[in-house]
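Hi,

Here is the model to look through. Please open it first, then read my notes underneath.

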Amino acid sequence: MQPTHSSRRILLPVRNWFIVLTLFLALVLNLVPFGRFPGIPDWVALVLAFWCIHQPLKVGMAAGFFLGLAMDVADASVMGQHALAYVLLAFVAAGWSRRVLWFPLAQQAIHVLPMLLGAQLVMLATRMIAGAEFPGVLWFLSGITATLLWTPVTYLLLTPQFQPEDKDVHRPI
């Protein structure tokens, strides 16, 4: 069975420093104070899901746990709220990685939507068990926004891995 997408380009191996850099930049983007504006995506969850789908052997639940702890400390939220959600997100994303990559980007986004909403639901349940109030239905808008950003984020994060289209006549491979 052949993939349904039409790309025939071969990707170069991803560099470990690039994965770490993108996860760190996602963490920094999460720390930008946007206030209580609904619809701001959870950048760490989006980039973590991307790398767990594309590189499940390099990025997994440990990365989700440490990024989650960093978000818990930085956000002054219930300790373990983000960590638990990101670990579960990484687990599901790595488990679905082989399936998700067979689909074109629009259908990949449909697969990513329940992952991101599930992570938000875990965070919400953890907060509410600790005594917080329900933030409203608009709180789930950030998962939908992150899903809409799946295609541009995929192109952005895969750009350094694309091999040049033209062959160099001085290199045999």
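**Notes on the model**

Start at Val122. Setting aside residues up to four places away in sequence, Val122 touches Leu84, Ala85 and Leu88. (Contact means heavy atoms within 4.5 Å.) Val122 sits in helix H5. Its C-alpha is 8.5 Å from that of His82, although 40 residues separate the two along the chain.

Some ground rules. This is a predicted model, in which local features need pLDDT of at least 70 and side-chain atom pairs count only at pLDDT 80 or more, while totals for chains, interfaces and linings use all residues. Residues are numbered from 1 along each chain as its sequence is written, and side-chain values use heavy atoms, with hydrogens and water left out.

**The whole chain**

The chain has seven helices and zero strands. (Both are DSSP runs numbered from the N terminus: helices are H or I with at least four residues, strands are E with at least two.) Along the sequence the pattern reads α-α-α-α-α-α-α. The chain has 173 residues, and 37% of them are buried. (Buried means under 20% relative accessible area, exposed means over 50%, and partly exposed lies in between, with a 1.4 Å probe and protein chains only.) Take the contacts between residues at least 6 apart in sequence: 68% of them join residues at least 24 apart.

**Helix H2**

How many residues of H2 are buried? The count is 12 of 12, so H2 is mostly covered. Trp43, Phe50, Trp51 and His54 are among the buried residues. The cover over H2 includes helices H1 (16-31), H3 (61-75), H4, H5, H6 and H7 (150-158). H2 spans residues 43-54 and reaches 16 Å from its first C-alpha to its last, close to the 16 Å expected at 1.5 Å a residue. (The expected span is 1.5 Å times one less than the number of residues.)

**Asn30**

Asn30 belongs to helix H1. Asn30 counts as buried because its relative accessible area is 18%. Its side chain makes a polar contact of 2.6 Å with the side chain of Asp42. (A polar contact is a pair of N or O atoms within 3.5 Å; within protein, one must be able to donate a hydrogen and the other to accept it, and residues adjacent in sequence count only if both atoms are side-chain atoms.) A polar atom of the Asn30 side chain also lies 2.8 Å from the backbone nitrogen of Trp43. Beyond four places in sequence, Asn30 touches residues including Pro41, Val44, Met71 and Tyr86.

**His82 and Leu88**

Both are in helix H4: His82 and Leu88, with the helix covering residues 81-100. Is His82 buried or exposed? His82 is buried, because its relative accessibility is 5%. Its side chain makes a 2.8 Å polar contact with the side chain of Asp72. His82 also touches Gly68, Met71, Asp75, Ser77 and Met123, among residues over four places away in sequence. The C-alpha atoms of His82 and Met71 are 6.4 Å apart, with the two positions 11 residues apart in sequence numbering.

Leu88 is partly exposed, because its relative accessible area is 37%. Leu88 and Gly118 are 30 residues apart in sequence, and their C-alphas are 8.6 Å apart.

**Gln120 and the cavity**

Gln120 lies in H5, which runs over residues 105-129. Gln120 counts as buried because its relative accessibility is 6%. A 2.5 Å polar contact joins its side chain to that of Ser142. Outside four places in sequence, Gln120 is in contact with Trp139, Phe140, Ser142 and Gly143.

Gln120 also lines the largest cavity, along with Asp42, Ala45, Leu116, Ala119, Met123, Ser142, Gly143 and Ala146. (On a 1 Å grid over the protein atoms alone, a cavity is a set of points where a 1.4 Å probe fits but cannot get out; lining residues have an atom within 4 Å of a point.) The whole structure has one cavity of 30 Å³ or more. The largest cavity holds about 60 Å³. (A volume is the space filled by probe spheres set on the points, which are joined across faces, edges and corners.) H5 gives the most to the lining, with four residues. H5 and H6 (141-148) each supply at least two.

Best wishes

Methods
On a 1 Å grid over the protein atoms alone, a cavity is a set of points where a 1.4 Å probe fits but cannot get out, and a pocket is an open set with protein on both sides within 12 Å along at least five of seven lines; lining residues have an atom within 4 Å of a point.
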